[in-house]
Amino acid sequence: MLYEHLGINEKGHLTIGGLDAVDLAAEFGAPLYVLDEDRVRANCRRYTQAMGQYMPAGSQPLFAGKALCFKGLYPVLKEEGMGADVVSPGEIYTALAGGFPPEQLYFHGNNKTDEDIQYALDQGVGHFIVDNPLELAQLNHFAGARGRRQKVLLRVTPGIDPHTLQAINTGRIDCQFGVPIETGQAAAFVAEALTMEHLEVEGFHSHIGSQIFEAEPFCDAVDILLNFAQDLREKLGFTVQVLNLGGGFGVRYQESDPQVDIPGNIRALAEHLETGCAAKGYPLPRILLEPGRSIVADAGVTLYQVGGVKTIQGYRSYVTVNGGMTDNPRYALYQSPYTVLPADRMDDPADFLCSVAGRCCESGDLIQENIHLPQMQRGDLLAVLTTGAYNFTMASNYNRLCRPALVMLREGKARLAVRRQTFEDLTACEL
Ligand SMILES: *Cc1c(COP(=O)(O)O)cnc(C)c1O
């Protein structure tokens with residue numbers, strides 16, 4: 001098994017957090033997003049404990065809400081001592097509706113509208129992560145109008161290529177997020193920020209990419225950020241208190257993916273930072289990390305009912321499921337690998353080569369191609385693993401399919417956290 005919270009019971013059924021996947025689908029329907037809350041909590045603790053142990057006091061992981069965002073997640077994050085990243089007023093609203101403290105929110109985004117900025121200020125969002133000089137001026141203006149001094153981090157791009165997919169690689173110079181260090185623009189950005197009366201610049205943010213398996217690219221980013229910080233200290237007399245190194249640690253989608261040692265990487269990163277600061281005589285900044293995927297991905301499983309099996313003679317066989325790119329667009333978007341399991345016949349020999357297709361009217365609506373399953377029949381249950389991140393949040397109503405329900409599992413009990421959409425929901429906004 002890919003993870004220790006998955007198992008097989010005496011009926012040959014997949015278990016998630018000790019609960020029978022077939023029972024879950026029977027009770028809550030399919031397709032179904034299943035999220036093992038115990039696993040989410042354990043993933044949070046890998047960060048909070050290691051950062052608490054190895055990094056300067058006040059260092060903290062912030063959960064990146066774009067990976068998974070619904071009300072019921074935020075009490076869990078709060079209890080686990082996580083901060084949270086938000087990228088839109090909708091995410092702010094959701095976090096606050098879930099009882100999350102606004103001062104623990106960090107507001108991202110490369111195009112915050114005037115409405116977004118004012119909404120976030122009025123809600124008391126703790127930090128803005130400012131993407132560019134135009135936002136700086138606008139935020140300064142609106143903070144001033146409220147008689148406030150708003151804490152900010154400035155997003156800079158260190159120009160690192162962590163050798164991941166182009167589509168999820170944001171540390172390179174040529175990208176639409178942040179201001180590049182190499183061109184000198186970031187230095188000007190910081191200098192300008194320091195002149196803003198209503199902003200308090202605490203430090204920098206950088207996000208180098210996603211699905212990263214070791215500490216090395218983060219250490220490279222630290223080197224670049226420290227050199228940059230040192231330079232600015234000499235020129236502007238500004239000392240960084242906070243370095244936010246972004247998210248990006250990877251997860252196992254398939255057996256062939258490596259296991260990421262999060263605490264080990266955090267320790268390596270902390271030691272690298274300490275050595276770098278000591279060598280420069282630079283005061284040790286607090287560290288923020290922004291894990292999304294590595295907090296929720298492996299805690300999620302999507303359950304689908306099989307509708308049919310179709311063999312195109314001389315070509316291949318398709319197994320069709322009652323969901324698809326509407327609940328998980330990641331294979332259609334960038335051929336993301338997944339592990340697919342026959343949840344109701346785990347002990348049967350997997351001798352059937354097939355591709356799993358969704359039910360949407362798109363030939364690209366595939367969940368995975370050329371995998372081995374047992375012979376499938378209508379009514380069988382398929383489980384797609386590692387769907388806790390970037391599935392629920394990327395879902396759509398294409399073909400007017402209703403979005404699945406989401407159940408959370410805690411200590412052997414399941415509870416509905418997001419109900420399945422209804423047809424009425426589909427037309428709710430339509431006048
Ligand atoms: C996407 C993103 C994250 C989270 O990345 P993961 O790979 O899910 O850990 C964190 N910070 C920023 C700025 C991001 O864009």
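Tyrosine 47 counts as buried, with a relative accessibility of 1%. The structure described here is a predicted model, and this residue is a friendly place to start a tour of it. Tyrosine 47 belongs to helix α2. Leaving aside residues up to four places away in sequence, its contacts are Pro61, Phe249, Ile262, Ile266, Leu289, Pro291, Ser294 and Ile295. One of these partners, serine 294, also makes a polar contact with tyrosine 47, side chain to side chain, at 2.7 Å. Valine 384 offers another point of reference: between tyrosine 47 and valine 384 there are 26 Å from C-alpha to C-alpha, and the two are 337 residues apart in sequence.

Helix α2 also carries arginine 45, which brings the tour to charged residues. Side chains of opposite charge can pair when their charged atoms come close. Across the whole structure, a search finds 21 salt bridges. In one of them, the side chains of arginine 45 and glutamate 80 meet with an N to O distance of 2.6 Å. This pair links distant parts of the chain, as its members are 35 residues apart. Arginine 45 sits in helix α2, which covers residues 37–54, while glutamate 80 sits in the loop between α3 (74–79) and β6 (83–86). Glutamate 80 counts as buried because its relative accessibility is 8%, under the 20% limit. Arginine 45, in contrast, is partly exposed at 37%. Both residues are part of a network of salt bridges that links Glu37, Asp38, Arg41, Arg45, Glu79, Glu80, Arg410 and Arg415.

Two further salt bridges can be inspected in the model. Arginine 252 pairs with glutamate 255, and the closest N and O atoms are 3.6 Å apart. Here the arginine 252 side of the pair is buried, at 13% relative accessibility, whereas glutamate 255 is exposed, with a relative accessible area of 53%. Arginine 345 and aspartate 348 form the other pair, their side chains meeting at 3.1 Å, N to O. Arginine 345 has a relative accessibility of 19% and therefore counts as buried, since the limit is under 20%. Aspartate 348 is partly exposed, at 32%.

Aspartate 20, in strand β3 (residues 19–20), shows another situation. This residue is buried yet has no salt bridge. The nearest side chain of opposite charge belongs to lysine 11 and is 4.3 Å away; a salt bridge would require the nitrogen to be within 4 Å of a carboxyl oxygen, so this pair does not count as one. Aspartate 20 does have polar partners. Its side chain makes a polar contact of 2.9 Å with the side chain of asparagine 9, and it also reaches the backbone nitrogen of valine 22 at 2.7 Å. Beyond residues up to four places away in sequence, aspartate 20 touches Asn9, Lys11, His13, Leu14 and Thr15.

The tour ends at the ligand, which is surrounded by 15 residues. The closest are Lys66, Ser210, Glu290, Arg293 and Tyr390. In the case of tyrosine 390, an N or O atom of the side chain lies 2.6 Å from an oxygen atom of the ligand. A polar backbone atom of glycine 248 is 2.9 Å from an oxygen atom of the ligand. Histidine 207 takes part through its side chain, where an N or O atom is 3.5 Å from a nitrogen atom of the ligand. Taken alone, the ligand exposes 380 Å², and the protein buries 93% of that area.

Definitions and conventions. Residues numbered from 1 in each chain as written. Predicted model: local features only at pLDDT ≥ 70, side-chain atom pairs only at ≥ 80, totals over all residues. Heavy atoms only, no water. Helix = DSSP H or I, 4+ residues; strand = E, 2+ residues; numbered from the N terminus. Buried < 20%, exposed > 50% of the residue type's maximum accessible area, 1.4 Å probe, protein only. Lys, Arg positive; Asp, Glu negative; His and termini not counted. Polar contact = N/O pair within 3.5 Å; in protein donor to acceptor, adjacent residues only side chain to side chain. Contact = heavy atoms within 4.5 Å. Near = heavy atom within 4 Å. Areas by Shrake-Rupley, 256 points an atom, 1.4 Å probe, with all protein chains shown as cover.
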